[in-house]
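Visitor: I would be grateful for a close look at how the helices and strands of this model are arranged. Please explain each technical term when it is needed.

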Amino acid sequence: MVCRKTADLPRSELLKLSAELEEQYLEFKKRGVKLDMSRGRPAAAQLDLSMGAADNVTNYIGVKGADYRNYGLLDGIPEMKQFFAELLGLDAADIIVGGNASLNLMYDAMVRLMLHGTAGEKPWKDIKKVKFLCPSPGYDRHFAICEHLGIEMIVIPMKEDGPDMDMVERLAAEDEAVKGIWCVPLYSNPEGICYSDETVERLSSMKCAAKDFRIFWDNAYGIHHLYEETKLRNIMESCRRAGNPDRVYYFFSTSKITFPGAGIAMVAASENNRREILRTMGIQTIGYDKMNQMRTLNFLRNAANTREHMKKLASSLREKFEIVLSALEANFAGSDMAAWHTPRGGYFVALDTLPGCARETIRLAAEAGVKLTPAGSTYPYHRDPRDSNIRIAPSFPPCGELREAMYLLCICIKLAAVRKILAE
Ligand SMILES: Cc1ncc(COP(=O)(O)O)c(C=O)c1O
């Protein structure tokens with residue numbers, strides 16, 4: 001399809017469009033709508049589908065006779081490791097079960113590397129500069145961890161099959177200060193991009209100047225398919241095959257399966273890495289909540305049952321994604337005012353406005369009652385170099401409100417674009 005350039009429209013047409021948009025915008029504003037689409041939270045109706053995960057636990061004596069009401073089993077109950085292994089195609093022996101949040105495990109991993117280093121290499125705090133590769137747009141909380149710890153972030157553009165691997169390989173090979181990369185390999189936050197087998201292989205086998213280069217593999221949306229299943233190559237195996245078994249930490253949680261903030265997180269890692277993780281973990285805690293591990297497991301049961309549960313969640317989420325995508329299609333097909341990806345899973349839709357228009361679009365939407373993720377959030381240091389990326393989180397509002405929000409957002413995207421072009 002030929003894309004019409006808004007800037008090429010005659011001024012008279014732009015003025016007319018601007019007047020129409022101003023009127024629609026003011027009309028909407030008068031309605032006093034109040035909506036929050038800033039974070040990827042499930043709707044209450046989705047959470048209702050997991051109420052079985054809140055049942056009391058009566059089967060607290062584990063397979064090996066341990067009493068799960070008591071201290072013990074720092075690395076998690078064997079039943080939960082087996083469950084995650086089956087669900088993700090991992091080796092149960094590689095898995096450490098954590099607490100309620102994978103983000104916590106990621107933060108702890110980063111702090112451990114800062115304070116103690118890994119594999120006998122210098123702690124990162126003792127190195128003049130530590131740099132991290134940040135495929136962007138990406139997850140704001142990953143970037144917040146780096147910023148908090150003073151790790152310099154390097155933006156890596158995303159392509160259709162994952163981060164720009166030519167750039168990743170070049171930077172990892174030439175600069176010893178580059179210590180790792182953030183990856184959300186399936187249905188990336190926010191674009192919904194899935195890493196190809198080739199991307200996974202290249203990450204696993206690339207030459208790294210830093211011996212302690214680490215991949216933070218945050219597979220948060222690993223089973224969150226909205227349609228057919230997208231397969232992801234097993235990076236634990238790829239790294240092992242490539243002779244780099246210690247390169248990757250693999251994170252996952254049940255946050256968007258049962259209850260965010262009240263589920264179970266895990267990290268899978270090589271034997272060397274697990275030893276380091278457990279040494280620190282054993283100082284942080286005597287053990288995580290095994291009763292919640294059992295509670296979650298009593299509900300999810302096994303991989304096949306969990307996939308069925310995910311289909312139920314997907315059927316309520318799918319409609320919301322389709323509302324967002326059809327609004328974008330109806331308003332912007334053949335226009336350069338917005339470009340977007342069509343995710344097949346995950347939790348977000350990301351769109352790009354004309355350069356220099358995202359901040360203003362989000363401001364306009366907020367002023368008319370719809371709160372979106374703040375502009376720049378999807379980039380390190382909150383600095384979107386083109387000021388164009390907007391993350392839409394469709395999961396929370398009911399469908400009717402989402403339609404309203406999208407109606408407004410489309411007006412705001414156009415209004416910001418037209419005002420900018422006229423001002424220029
Ligand atoms: C990519 C990604 N990783 C991690 C998380 C948070 O996971 P958890 O609740 O396990 O900390 C989110 C939540 O939105 C996410 O989008």
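Guide: Helix H3 (residues 78-88) and helix H10 (residues 290-300) are oblique to each other, because their axes cross at roughly 45 degrees and come within 10 Å. The structure is a predicted model, in which local features need pLDDT of at least 70 and side-chain atom pairs count only at pLDDT 80 or more, while totals for chains, interfaces and linings use all residues. Residues are numbered from 1 along each chain as its sequence is written.

Several terms in that description need explanation. Helices (H or I, at least four residues) and strands (E, at least two) are DSSP runs, numbered from the N terminus. Axes are lines fitted to C-alpha atoms, for helices over the stretch in contact, and angles run from 0 to 180 degrees between N-to-C directions. Angles under 35 degrees count as roughly parallel, over 145 as roughly antiparallel, 65 to 115 as roughly perpendicular, and the rest as oblique. The crossing of H3 and H10 is left-handed; a crossing has this name if the near helix is turned anticlockwise from the far one by less than a right angle, and it is right-handed if the turn is clockwise.

Two further helix pairs involve helix H13 (residues 399-423). Helix H12 (residues 358-367) packs against H13 at an angle of about 135 degrees, and their axes are 8 Å apart. This angle makes H12 oblique to H13, and the two cross in the right-handed sense. Helix H11 (residues 303-332) also meets H13: the axes come within 10 Å and cross at roughly 25 degrees. H11 and H13 are therefore roughly parallel to each other, and this crossing is right-handed.

The strands form sheets, and two strands pair if DSSP finds at least two bridges between them. One open sheet has 8 strands in the order S2-S9-S8-S7-S6-S3-S4-S5, with mixed pairing. Strand S2 (95-97) and S5 stand at its edges, each with a single partner strand, so one side of each has no neighbour in the sheet.

Within this sheet, strand S3 (residues 131-136) and strand S4 (residues 152-159) are parallel and share 6 bridges. Pro135 has Ile156 of S4 as its bridge partner, and Ser136 stands opposite Pro157 of S4. Together with helix H5 (residues 140-148), S3 and S4 make a right-handed β-α-β unit. A crossover is right-handed if, with the strands pointing away from the viewer, the path from the first strand over the helix to the second runs clockwise.

The loop between S3 and H5 contains Pro137. A cis peptide bond, with omega of about 5 degrees, joins Ser136 to Pro137. Ser136 thus appears twice in this account, as a residue opposite Pro157 and as a partner in the cis bond.

On the other side of the unit, S4 pairs with strand S5 (residues 162-163) in the antiparallel sense over 2 bridges. A hairpin leads from S4 to S5 through 2 residues, and Lys159 stands opposite Gly162 in S5.

Another loop of interest lies between strand S6 (178-183) and helix H7 (197-205), and Pro190 is placed in it. Asn189 and Pro190 are joined by a cis peptide bond with omega of about 10 degrees. Tyr187 lies in the loop between S6 and H7 as well; although Tyr187 is not a glycine, its phi is positive, at about 50 degrees.

A further open sheet has 3 strands in the order S10-S11-S13, and the pairing is antiparallel. Its edge strands are strand S10 (338-340) and strand S13 (389-392), each of which pairs on one side only. On average, neighbouring strands of this sheet are turned by 30 degrees against each other, direction ignored. S10 is joined to strand S11 (residues 349-353) by 3 bridges, and Trp340 stands opposite Leu351 in S11.

Finally, the ligand has 13 residues around it, of which Ala101, Ser102, Leu103, Ser253 and Ser255 come nearest. A residue is near a molecule or strand if its C-beta atom, placed from the backbone, lies within 6 Å of it. The shell around the ligand divides into 7 nonpolar, 5 polar and 1 charged residues. Here Ala, Val, Leu, Ile, Met, Phe, Trp, Tyr, Cys and Pro count as nonpolar, Asp, Glu, Lys and Arg as charged, and the others, Gly among them, as polar.
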